[in-house]
Amino acid sequence: MKDFETLLQESVKAHGHLCPGQIIGVRMAMLGCRLIGLDDPSHPSQIKKLLVYVEMDRCAADAVAHVTGVKLGRRSLKFMDYGIMAATFVNLDSGRAFRVLSTEEARNLAAVYAPEIDGKSAQQLVAYRRMPDEVLFHVQEVVVPLREWDLPGPTRRKVVCVRCGQVVRDGKEMTGPQGPLCVPCATGGYFQLVRQISVAAALQHVEGLPCSRFRTNTE
């Protein structure tokens, strides 16, 4: 595996900016890979041995993905929307898995590890480089139950939602009284359906609309 500073600079370039989350994510990934016995996770000889579950949609998640080489499109990166600064690293060969969590104590100790730096963010950038892993992280050895269709590789299963006709892949369907259902039909999705519309009609509809048309409900 490349050294920390090299991985950090590469991750920052891919992510777009340097922040404390990038440092945490790079170090989290380096530690996680070391715990499961992978020293070059993005190499072709190791990339198929690794699954990573990230629990946050923050800067650290991009850093973890960059260091490990996992991707959503390869099905080696799994997103669990927990809002927790944590990631779990699974070695598919050995079955060993460790969950690495960023500690809140580390935030409070930034001033101890970088007392000469002014400003919270700037202080964290330096302190998170200096802190030992034992201060920056908690580690849990875990078991991750894996189904056949959770693994990387081609689609292993397809079913058709009996309500909307959409194809659902890899065991993500839910069981309804009349047969399989996609999640939006079974429990409601993250969106509210207004109407079905053709691509041509949709493009014609949105042309010239001001950006304010797409404001979220929280604005």
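## Around arginine 75

In this predicted model, arginine 75 has plenty of company from elsewhere in the sequence. Leaving aside residues up to four places away, arginine 75 touches Leu51, Trp149, Asp150, Leu151, Pro152, Gly153, Asp170 and Lys172. Arginine 75 sits in the loop between helix H3 (59-68) and strand S2 (77-79). With a relative accessible area of 15%, arginine 75 falls under the 20% cut-off, so it counts as buried.

The backbone here deserves a look too. Most residues other than glycine have a negative phi. Arginine 75 is not a glycine, yet its phi is positive, at about 65°.

## Aspartate 170 and threonine 155

One of the contacts of arginine 75 is Asp170, and that residue has a backbone twist of its own. Phi of aspartate 170 is near 60°, again a positive value in a residue other than glycine. You'll find aspartate 170 in the loop between S7 and strand S8 (174-176). Its relative accessible area is 7%, so aspartate 170 is buried.

Asp170 also turns up next to threonine 155: setting aside residues up to four places away in sequence, threonine 155 touches Arg169 and Asp170. Threonine 155 belongs to the loop between strand S5 (137-142) and strand S6 (158-160). Is threonine 155 buried or partly exposed? Its relative accessible area is 38%, which makes threonine 155 partly exposed. As for glycine 171, it lies 16 residues from threonine 155 in sequence, with 9.8 Å between their C-alpha atoms.

## A charge over a ring

Trp149, another of the residues that arginine 75 touches, also has an arginine over its ring. That one is arginine 157, which lies over the face of tryptophan 149 at 4.8 Å from the ring centre.

## The aromatic pair

How many aromatic pairs does a search of the whole structure find? Just 1. Tyrosine 190 and phenylalanine 191 have ring centres 5.2 Å apart and planes at 85°; anything over 60 degrees counts as edge-to-face, so that is what this pair is.

The two partners don't share an exposure class. Tyrosine 190 has 83% relative accessibility and so counts as exposed, while phenylalanine 191, at 42%, counts as partly exposed.

## The largest pocket

Phe191 shows up again in the largest pocket, which holds about 510 Å³ of space. The lining is made up of 17 residues, and those nearest the pocket centre are Gln166, Cys182, Val183, Pro184 and Phe191. Two elements, strand S7 (167-169) and helix H8 (183-187), give two or more residues to this lining.

What is the make-up of the lining by class? There are 10 nonpolar residues, along with 4 polar and 3 charged ones.

## Helix H6 and its cover

Now for helix H6, which spans residues 120-130 and has Gln123, Gln124, Leu125, Ala127 and Tyr128 buried. In an α-helix there are 3.6 residues a turn, so residues three or four places apart point the same way.

Which elements cover the buried residues of H6? Helices feature here: the cover includes helix H2 (20-35), helix H4 (104-108), helix H5 (110-113) and helix H7 (133-136).

Methods. Residues numbered from 1 in each chain as written. Predicted model: local features only at pLDDT ≥ 70, side-chain atom pairs only at ≥ 80, totals over all residues. Heavy atoms only, no water. Phe/Tyr/Trp six-rings, centres within 6.5 Å; stacked < 30°, edge-to-face > 60°. Buried < 20%, exposed > 50% of the residue type's maximum accessible area, 1.4 Å probe, protein only. Lys NZ or Arg CZ within 6 Å of the ring centre and 35° of its normal. 1 Å grid on protein atoms, 1.4 Å probe; cavity = no way out; pocket = protein on both sides within 12 Å on 5 of 7 lines; lining within 4 Å. Points joined across faces, edges and corners; volume = space filled by probe spheres on them. Helix = DSSP H or I, 4+ residues; strand = E, 2+ residues; numbered from the N terminus. Nonpolar A, V, L, I, M, F, W, Y, C, P; charged D, E, K, R; others polar. Contact = heavy atoms within 4.5 Å.
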